[in-house]
Amino acid sequence: MNDELLQVATLGKSVGLKGYLKLHNKSDFVQQFKSGAIFFDKDGKEFTIKAYDKINQSVLFYDYEDVDLAKTLTNKILFTTKDITRKTCKLKDGEYFYFDILGLCVVENNEILGVVKDIDDNTSTYLLEISTDANLVRQNLPKSFYIPYLDNFVVDINLKDKKIYTKNSKAILENS
C-alpha cells in the first residue's frame, strides 16, 4: 500500500482547547478534508476527520478531541491513496492527477524525448521535468530538461498509451 500513498497534508500545532490542529494542505483538493474522511500516516494508521474548519484551516480527528491528545499529532504527515483520490476528487475536462502524469513517455514527431520525472509548480505554470532518453543523452544532450505545461508545447496526453505528445519541446532540450 505504501507505493500507492499520496501525501496530502501536514498537521501543525494545536488550535484552541478542543483538539483542533492546524492543517497544512499539500494537495490541490481542499474538498477532500471533510467530516468522515479517512487519512493515514506513513505506518498505515487511520485518522478520521470529525470536523474541518475551512476558515481557520484546522481539523479535529475522532479519538483526539482533547488538546493533549491532539498535540501528539503535531508534525504528522497525512496520506491518502490513489484510489481514494480518484473517487473523492473530481477533475474537469483536460485535467489530470499528477500521479498519472509521472512516468509518462514524452514523444515529439515519433521520437522519444524522455520520461516525466516530476512536476514543478512555478506559480505561473506547471513545468514537466523530463529525464532525457538515453539515446539523446549519448548525443551530448542534457540528462534532464523542463517542458512548460502549455498548449504551445503539450499537444495531447494519452493515459491509455502512457504518452505525452509534444511540439517545440526538442528545441528546449537542444537549447538547455
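**Close-up views of a predicted model**

**View 1. Thr85 sits buried in a helix.** Thr85 counts as buried, since its relative accessible area is just 6%. This is a predicted model, and in it Thr85 belongs to helix α2, which covers residues 82–88. Looking past residues up to four places away in sequence, Thr85 touches Leu6, Thr80, Phe97 and Phe99.

**View 2. Phe33 and the largest nonpolar core.** The largest nonpolar core has 17 residues, and Leu11, Leu23, Phe33, Ile49, Val59, Phe61 and Leu78 touch the most other members. Strands β1 (5–15), β2 (20–25), β4 (46–53) and β5 (58–61) each chip in at least two residues of this core. Zoom in on Phe33 and, neighbours within four places in sequence aside, you'll find contacts with Val8, Ala9, Leu23, Asn25, Ser27, Phe39, Ile49 and Tyr52. Another core, of 16 residues, lies apart from the 17-residue one and includes Leu113, Ile130, Val154 and Ile164.

**View 3. Strand β8 pairs with both β7 and β9.** Strands β7 (residues 105–108) and β8 (residues 111–121) run antiparallel and share four bridges. The two make a hairpin with two residues in between, and Asn109 in the turn has a positive phi of about 50°. Cys105 stands opposite Val115 of β8. Strand β8 also pairs with β9 (residues 126–132), again in the antiparallel sense, over seven bridges; here Gly114 stands opposite Thr132 of β9.

**View 4. Two buried cysteines, zero disulfides.** Cys89 has a relative accessibility of 2%, so it counts as buried. Cys105 comes in at 16%, which also makes it buried, because the cut-off is under 20%. Searching the whole structure turns up zero disulfides.

**View 5. Lys76 and Asp41 bridge distant parts of the chain.** Seven salt bridges are counted in the model, and one of them joins the side chains of Lys76 and Asp41, with N to O at 3.4 Å. These partners are 35 residues apart: Lys76 is in the loop between α1 (67–71) and β6 (77–81), while Asp41 is in the loop between β3 (38–40) and β4. Lys76 is partly exposed at 24% relative accessible area, whereas Asp41 is buried at 6%.

**View 6. Lys170 shared by two glutamates.** Lys170 forms a salt bridge with Glu111, with the closest N and O atoms 2.9 Å apart. That pair links helix α5 (residues 169–174), home of Lys170, to strand β8, home of Glu111, across 59 residues. Lys170 also forms a salt bridge with Glu174, at 3.9 Å between the closest N and O atoms. Lys170 and Glu174 are four residues apart in α5, so about one helical turn separates them. Shared partners join Glu111, Lys170 and Glu174 into one network. Both glutamates are partly exposed, Glu111 at 27% and Glu174 at 46% relative accessible area.

Definitions and conventions
Residues are numbered from 1 along each chain as its sequence is written. This is a predicted model: local features need pLDDT of at least 70, side-chain atom pairs count only at pLDDT 80 or more; totals for chains, interfaces and linings use all residues. Side-chain values use heavy atoms; hydrogens and water are left out. A disulfide is a pair of cysteine sulfur atoms within 2.5 Å. Buried means under 20% relative accessible area, exposed over 50%, partly exposed in between (1.4 Å probe, protein chains only). Two strands pair if DSSP finds at least two bridges between them. Contact means heavy atoms within 4.5 Å. A nonpolar core is a set of buried Ala, Val, Leu, Ile, Met, Phe, Trp, Tyr and Cys residues joined through side-chain atoms within 4.5 Å. A salt bridge is a side-chain nitrogen of Lys or Arg within 4 Å of a carboxyl oxygen of Asp or Glu.
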